[in-house]
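Student: Could you walk me through this protein model, one question at a time?

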Amino acid sequence: IKADDFKRGNSLYTIVDGSNWEQIEAKAVALGGHLVTINDAEENQWIHESFNIHETHLPSRQVSHLELYWTGLNDEVEEGNWQWSSGEESSFRNWATGTRWSENWREPNGGVNENYVHLGWHSPQWNDHAYINPNDVLSIQGIAEIPLNTSPTYSISTSSSTINEGGSLTTNISTTNVPSG
């Protein structure tokens, strides 16, 4: 575990870099996880505290000083149907509401143009956003959640419990969480 990695329960949380949400999610998958699924208010608070994520207060809409963090929540497949990239069924949501720059707003507010959720704009509440040009912000990263309870499993099944003379038997062996090689 690196200094900027955090263990909570049966998961390891770490920062993942990339130029957009899709690339960062792909890197999280390559590490054995997905972008973070936030299951409840306690986990949301823990993530914000552990990764020192705080609300960005800017005097204008200028975004050059933002530090943002992608989560796994998105509605890329179907507008308004927010799903976690991990496939988990967490119904916890913490959408931001408020007033800024003399505007009242309520997230999610981006329609078909904003399909991914990040932390750091209204934190500890959430914001939906579109692709963010990494040259326009100080930092855009993702938080990967990697399960640590991936014990190998093995199963064996046969095609028949009895074999007649001249017959054949097929044996199937399947595994999960076993490294190839």
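The questions and answers below go through the model piece by piece.

Tutor: Before we start, this is a predicted model, in which local features need pLDDT of at least 70, side-chain atom pairs count only at pLDDT 80 or more, and totals for chains, interfaces and linings use all residues. Residues are numbered from 1 along each chain as its sequence is written, and side-chain values use heavy atoms, with hydrogens and water left out.

Student: Is Trp-21 buried or exposed?
Tutor: Let's start with the terms: buried means under 20% relative accessible area, exposed means over 50%, and partly exposed is in between (1.4 Å probe, protein chains only). The relative accessibility of Trp-21 is 9%, so Trp-21 counts as buried.

Student: How are the rings of Trp-21 and Tyr-116 arranged?
Tutor: Rings of Phe, Tyr and Trp (its six-membered ring) pair if their centres lie within 6.5 Å; planes under 30 degrees apart count as stacked, over 60 as edge-to-face and the rest as tilted. For Trp-21 and Tyr-116 the centres are 4.6 Å apart and the planes are at 20 degrees, so the pair is stacked.

Student: How many residues apart in the chain are Trp-21 and Tyr-116?
Tutor: Helices (H or I, at least four residues) and strands (E, at least two) are DSSP runs, numbered from the N terminus. Trp-21 sits in helix α1 (residues 21-30), while Tyr-116 sits in strand β8. The pair links distant parts of the chain, and the separation is 95 residues.

Student: What kind of pair do Trp-70 and Tyr-116 form?
Tutor: Tyr-116 is buried, at 6% relative accessibility, and Trp-70 is buried too, with a relative accessible area of 1%. The ring centres of Trp-70 and Tyr-116 are 6.0 Å apart and their planes are at 75 degrees, so the pair is edge-to-face.

Student: Which side of α1 holds its buried residues, one side or opposite sides?
Tutor: The buried residues of α1 are Trp-21, Ile-24, Glu-25 and Ala-28. They cover an arc of only 100 degrees around the axis (the arc of the directions from the helix axis to the C-beta atoms). A general point helps here: an α-helix has 3.6 residues a turn, so residues three or four places apart point the same way. The arc puts these buried residues on the same side of α1.

Student: Which residue's backbone nitrogen does a side-chain oxygen of Asn-20 reach?
Tutor: Look at the start of α1. The side-chain oxygen of Asn-20 comes to within 3.2 Å of a backbone nitrogen there, and that nitrogen belongs to Glu-22.

Student: How many of the six residues of strand β2 are buried?
Tutor: Check the two faces of β2 in turn: Ser-11, Tyr-13 and Ile-15 on one side are buried, and so are Leu-12, Thr-14 and Val-16 on the other. Both faces are covered, and the count for β2 (residues 11-16) is six of six.

Student: Which residue in β2 stands opposite Phe-6?
Tutor: Two strands pair if DSSP finds at least two bridges between them. Strand β1 (residues 6-8) is joined to β2 by three bridges, and the two run antiparallel. Opposite Phe-6 in β2 stands Tyr-13.

Student: How many residues does the largest nonpolar core have?
Tutor: A nonpolar core is a set of buried Ala, Val, Leu, Ile, Met, Phe, Trp, Tyr and Cys residues joined through side-chain atoms within 4.5 Å. In the largest one, the residues with the most contacts inside it are Ile-38, Ile-47, Leu-119, Trp-126 and Ile-143. The elements giving two or more residues to this core are β2, α2 (41-50), β4 and β8. Its size is 18 residues.

Student: Is Asn-44 buried or exposed?
Tutor: Asn-44 lies in helix α2. Leaving aside neighbours within four places in sequence, Asn-44 is in contact (heavy atoms within 4.5 Å) with Ile-38, Phe-92, Asn-94, Pro-124 and Trp-126. With a relative accessible area of 3%, Asn-44 is buried.

Student: Is His-129 buried or partly exposed?
Tutor: His-129 is in strand β9 (residues 127-129). Not counting neighbours within four places in sequence, its contacts are Trp-70, Glu-114, Asn-115, Tyr-116 and His-118. At 27% relative accessibility, His-129 counts as partly exposed.

Note on methods: Polar contact = N/O pair within 3.5 Å; in protein donor to acceptor, adjacent residues only side chain to side chain.
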